[in-house]
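Ready for some practice in reading a protein model? Work through each exercise with the structure open beside you, and try your own answer before you read the solution.

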Amino acid sequence: MSTINSVLGPLDTKDLGFTLMHEHVMCQAFVADNYPELFGDGYMNHIINGVTAAKKGGVDTIIDATTFDLGRDVTRLAEIARRTKVNIIACTGWWMNAPEHIAGNSPDLYADLFVREIQQGIAGTGIKAGILKSAADFGGVTATGEIMLRAVARAHRRTLVPIMLHSYAPEQVARRQLAILKEEGVELKRVAVDHVNDTTDFEYLNWLLEQGCYLGMDRYPGLNLSSYARTKTLKQLIDDGWIDRLLPSHDLCLVTPLTFYPPEVKASIDKENPYGYLYIKEVVFRQLEDMGVSQAVLKTLCINGPRKFFEGL
Ligand SMILES: [Zn+2]
């Protein structure tokens, strides 16, 4: 048992319950601040309705993976948490939008900022971050990405708040991300490598698990691979005994500002997933059941793994 920061204050890990480890309750809040019409009418109500539906369907906690450069707004997250009774954990760290001219800067400069957001609060609100995030995508860890990853590692060493990594599985980018974290003295059981079900390369997935880290089995319904293919990977890893290291989630933003996708793309995303934050429970759990996963196992998926991750087990 330990205590973590939720957007409404301290949360005991025993109260995490059914937890979605990588979602975006709201992205690009700066667009809503400046051009609310690009979000469409009543976007907050749409979010509240989606998160309320999740709560009714048994989701207790959502980790919001939206860094400030993806448009995080913890004041809105707190309002959503208050109105829906879903625990929301905000993140600190940096996604991939760091300007190249910072490449000579010390990671400590940014580590100080991330520590402040964990210990004192974000943007003067007093709302504290409960998880650290760093990102690398195709092409691997960039020069600025490495600075931010080292900064995240150092903020972790100072606060013991765990780390989530946006990674690019088809190029096995986490091999480099984990090597950097190791150099910085991070215990890899405090790290979740997300988006790993973009690959079906079990040699890579098992290697990651053997390093001690958790795997974010997110991006449901999916981009490059089908939902079913992702669930087959999940099933195989459950059968191999890794259940408490697997973190299924959607990587879903309920409200998509019009700057994100053309309307026809958004419509097809909505059609593919009419369940929102309940897709895992409504679709993936049924797929797992059909593949022979027992009710006993399904009862602990999305509960034990997230709790152990935050407790550092
Ligand atoms: Zn994400």
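**Exercise 1. Find how much of the chain is buried, and describe its overall build.**

Solution. Start with burial: 46% of the 313 residues of the chain count as buried. Keep in mind that this is a predicted model.

Next, count the elements: the chain holds twelve helices and eleven strands. The radius of gyration is 18 Å, close to the 20 Å that the globule rule gives for 313 residues, so the chain is as compact as a globular protein of that length. Along the principal axes, its C-alpha atoms fill a box of roughly 50 × 45 × 40 Å.

Finally, look at the contacts with a separation of 6 or more: 79% of them come from residues 24 or more positions apart.

**Exercise 2. Work out the strand order of the sheet of six strands, and name its edges.**

Solution. Step one is the order. This open sheet runs β6-β7-β8-β9-β10-β11, and the pairing is parallel. Step two is the edges: β6 (91-94) and β11 each pair on one side only. Step three is the turn between neighbouring strands, which averages 25°, direction ignored.

Now zoom in on one pair. Strand β8 (residues 163-166) and strand β9 (residues 191-194) are joined in the parallel sense by four bridges. Here you can find methionine 164 opposite alanine 192 in β9.

To finish, look for a helix on the sheet. Helix α4 (residues 107-119) lies across β6 and β7 (131-135), and runs at about 170° to β6.

**Exercise 3. Do the same for the sheet of three strands, then say how many residues of β3 are buried.**

Solution. The order in this open sheet is β3-β4-β5, with parallel pairing. At the edges stand β3 and β5 (87-89), each with a single partner strand, so one side of each has no neighbour in the sheet. From one strand to the next, the twist averages 20°.

Next, follow β3 to its partner. Three bridges join β3 to strand β4 (residues 61-64). Leucine 20 stands opposite isoleucine 62 in β4, and glutamate 23 stands opposite aspartate 64 in β4.

Now for burial: five of the five residues of strand β3 (residues 19-23) are buried, so this strand is largely enclosed by the rest of the structure.

**Exercise 4. Check the length of helix α8, and explain where its buried residues lie.**

Solution. First the length. Helix α8 (residues 227-239) has 13 residues and reaches 18 Å from its first C-alpha to its last, close to the 18 Å expected at 1.5 Å a residue.

Then list the buried residues of α8: Arg230, Thr231, Thr233, Leu234 and Leu237. They cover an arc of only 155° around the axis, which puts them on the same side of α8. What covers them includes α7 (202-210), β10 (214-217), β11 (246-248) and α10 (279-290). Just after α8, look for glycine 241, with a positive phi of about 95°.

**Exercise 5. Repeat the analysis for helix α10, and compare its buried and exposed residues.**

Solution. The twelve residues of α10 should span 16 Å at 1.5 Å a residue, and its end C-alpha atoms are 16 Å apart, which agrees. Buried in α10 are Tyr279, Ile280, Lys281, Val284 and Leu288. Seen down the axis, these buried residues fall within an arc of 155°, so they line one face of the helix. They pack against α8, β11 and α11 (295-300).

The face of α10 turned away from its buried side carries the exposed residues Arg286 and Asp290. Just after α10, glycine 292 takes a positive phi of about 100°.

**Exercise 6. Decide how methionine 148 and glutamate 272 count: buried or partly exposed?**

Solution. Begin with methionine 148, which is in helix α5 (residues 143-159). This methionine 148 has 28 C-beta neighbours inside 10 Å; a residue is buried at 20 or more, so methionine 148 counts as buried. Leaving aside neighbours within four places in sequence, its contacts are Gly93, Trp94, Ala98, Tyr110 and Ser134. Alanine 98 is 50 residues away from methionine 148 in sequence and 8.4 Å away in space, C-alpha to C-alpha.

Turn now to glutamate 272, which lies in helix α9 (residues 263-272). With 13 C-beta neighbours inside 10 Å, glutamate 272 counts as partly exposed. Glutamate 272 and serine 227 are 45 residues apart in sequence, and their C-alpha atoms are 9.9 Å apart in space.

Technical notes. Residues numbered from 1 in each chain as written. Predicted model: local features only at pLDDT ≥ 70, side-chain atom pairs only at ≥ 80, totals over all residues. Helix = DSSP H or I, 4+ residues; strand = E, 2+ residues; numbered from the N terminus. Expected span 1.5 Å × (residues − 1). Buried ≥ 20, exposed ≤ 12 C-beta atoms within 10 Å, placed from the backbone. Arc of directions from axis to C-beta. Contact = placed C-beta atoms within 7 Å. Pairing = 2+ DSSP bridges. Axes fitted to C-alpha atoms, helices over the stretch in contact; angles between N-to-C directions. Rg over C-alpha atoms; globule rule 2.2 N^0.38 Å.
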